[in-house]
Amino acid sequence: MAGTTNLFLSKSDLAYAELRGRILSGGLAPGARLAQYELAESLNMSITPLREAIRRLSSEGLVEVETHRDVRVAAMNSVEARQLFEVRLSLDPTAVELAAGRRTDADIAAIRAALGNLLPVTRRWGEEALAAHRTFHRALYVASHNDVLIRLLDDLWDKSDRYRRLGLELPPGDEPRTRDLDEHHRIAALVVDGAAEAAGRLMRDHITMSLTASAISALEDREGRESR
């Protein structure tokens, strides 16, 4: 049956998914060199499918191929971070506006369940909080029932996660982010109530004041100091 086929249709797909996951989670740090033969051996495959995966990752800007053998995880920079942020500032409010008009009972249940698992995004809670935060926002935009928008936001959130983790290292990351938690509850309530415009406005404000925005500003400041 089609529904039971392996998610990874080839070894190249497997290598791509594995490496992409490690890069986005921070398991492979920005600037880290990819030891291709060692990676291929650890993934139990030849070098050819691994190189195909690297070409795909290069096209996404996640790795930099300097020579045939020298491949590194792409560095993080404020230009990419700002661009990702600007797109999110446009798409996430649109998604919740659509969700407010299209959410089903199942969507509402998923939103409420995700809301109940939220934690303050701080150093104390770390990856657990980031994962819960991601699950909540995804429950909101999935309720838009716009497949194109969902795919765009999935990719956008994937690529933004590297920068979101930087926010955990900022001094405010140690403080309880009660405002964020309160806004999550208010956005969810507006979507459930069908208040599309209000949900979109609050989501835009929420993103503007987010931990990611603080991380981008800190990254821009750091790059400015280093360029002097």
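Me: A helix here is a DSSP run of H or I with at least four residues, and helices are numbered from the N terminus. With that in hand, where in the protein chain is confidence lowest, and where is it highest?

Reply: This is a predicted model. pLDDT gives the predictor's confidence in each residue, from 0 to 100. The protein chain averages 86, and 88% of the residues score at least 70. Confidence is lowest in α10, at a mean of 81. It is highest in helix α5 (residues 105–116), at 97. Look also at residues 1–5, where the pLDDT is below 50. Beyond near neighbours in sequence, that stretch has zero contacts in the model.

Me: Now the empty space. How many cavities of 30 Å³ or more does a search of the whole structure find?

Reply: The general idea comes first. Rolling a probe the size of a water molecule over the atoms shows where empty space is left. In this structure, the search turns up three cavities of 30 Å³ or more. The largest holds about 80 Å³ of space.

Me: Which residues line the largest cavity?

Reply: Its lining consists of Arg88, Val121, Leu130, His133, Arg164, Asp180, His206, Ser210, Leu211 and Thr212. Two elements give two or more residues to this lining: α6 (126–142) and α10 (211–227). By class, the wall has three nonpolar, four polar and three charged residues.

Me: What is the volume of the second largest cavity, and which residues line it?

Reply: The volume is about 50 Å³. Ala81, Leu84, Phe85, Arg88, Ser160, Tyr163, Arg164, Thr212 and Ile216 make up the lining. At least two of these residues come from each of α4 (78–102), α7 (147–167) and α10. The most come from α4, with four residues. The class split is five nonpolar, two polar and two charged. Arg88 is listed for the largest cavity, and Arg88 is listed here as well.

Me: On to charges. How many salt bridges does the structure hold?

Reply: Side chains of opposite charge can pair when their charged atoms come close. This structure holds 16 salt bridges. Take Arg56 and Asp13, whose side chains meet at 2.9 Å, N to O. Arg56 sits in helix α3 (residues 47–59) and Asp13 in helix α1 (residues 11–25), so the pair links distant parts of the chain, 43 residues apart.

Me: Is that pair buried or exposed?

Reply: In between. Buried needs under 20% relative accessible area, and exposed needs over 50%. Arg56 has 33%, so it is partly exposed. Asp13 has 22%, so it too is partly exposed.

Me: Which residue forms a salt bridge with Arg20?

Reply: Glu60 does, with the closest N and O atoms 2.9 Å apart. Arg20 is in helix α1, whereas Glu60 is in the loop between α3 and β1 (63–65). The two are 40 residues apart. Arg20 counts as buried because its relative accessibility is 12%. Glu60, at 21%, counts as partly exposed.

Me: What is the distance between the closest N and O atoms of Asp161 and Arg134?

Reply: They are 3.2 Å apart, in a salt bridge. Asp161 lies in helix α7 and Arg134 in helix α6, so the pair ties together parts 27 residues apart in sequence. Asp161 and Arg134 are both buried.

Me: Which residues are linked in a network of salt bridges?

Reply: Arg20, Glu60, Arg134, Asp155, Asp158, Lys159 and Asp161 are. The network thus takes in residues of the last two pairs, including Arg20 and Asp161.

Key:
Residues numbered from 1 in each chain as written. Heavy atoms only, no water. 1 Å grid on protein atoms, 1.4 Å probe; cavity = no way out; pocket = protein on both sides within 12 Å on 5 of 7 lines; lining within 4 Å. Points joined across faces, edges and corners; volume = space filled by probe spheres on them. Nonpolar A, V, L, I, M, F, W, Y, C, P; charged D, E, K, R; others polar. Salt bridge = Lys/Arg side-chain N within 4 Å of Asp/Glu carboxyl O. Buried < 20%, exposed > 50% of the residue type's maximum accessible area, 1.4 Å probe, protein only. Contact = heavy atoms within 4.5 Å.
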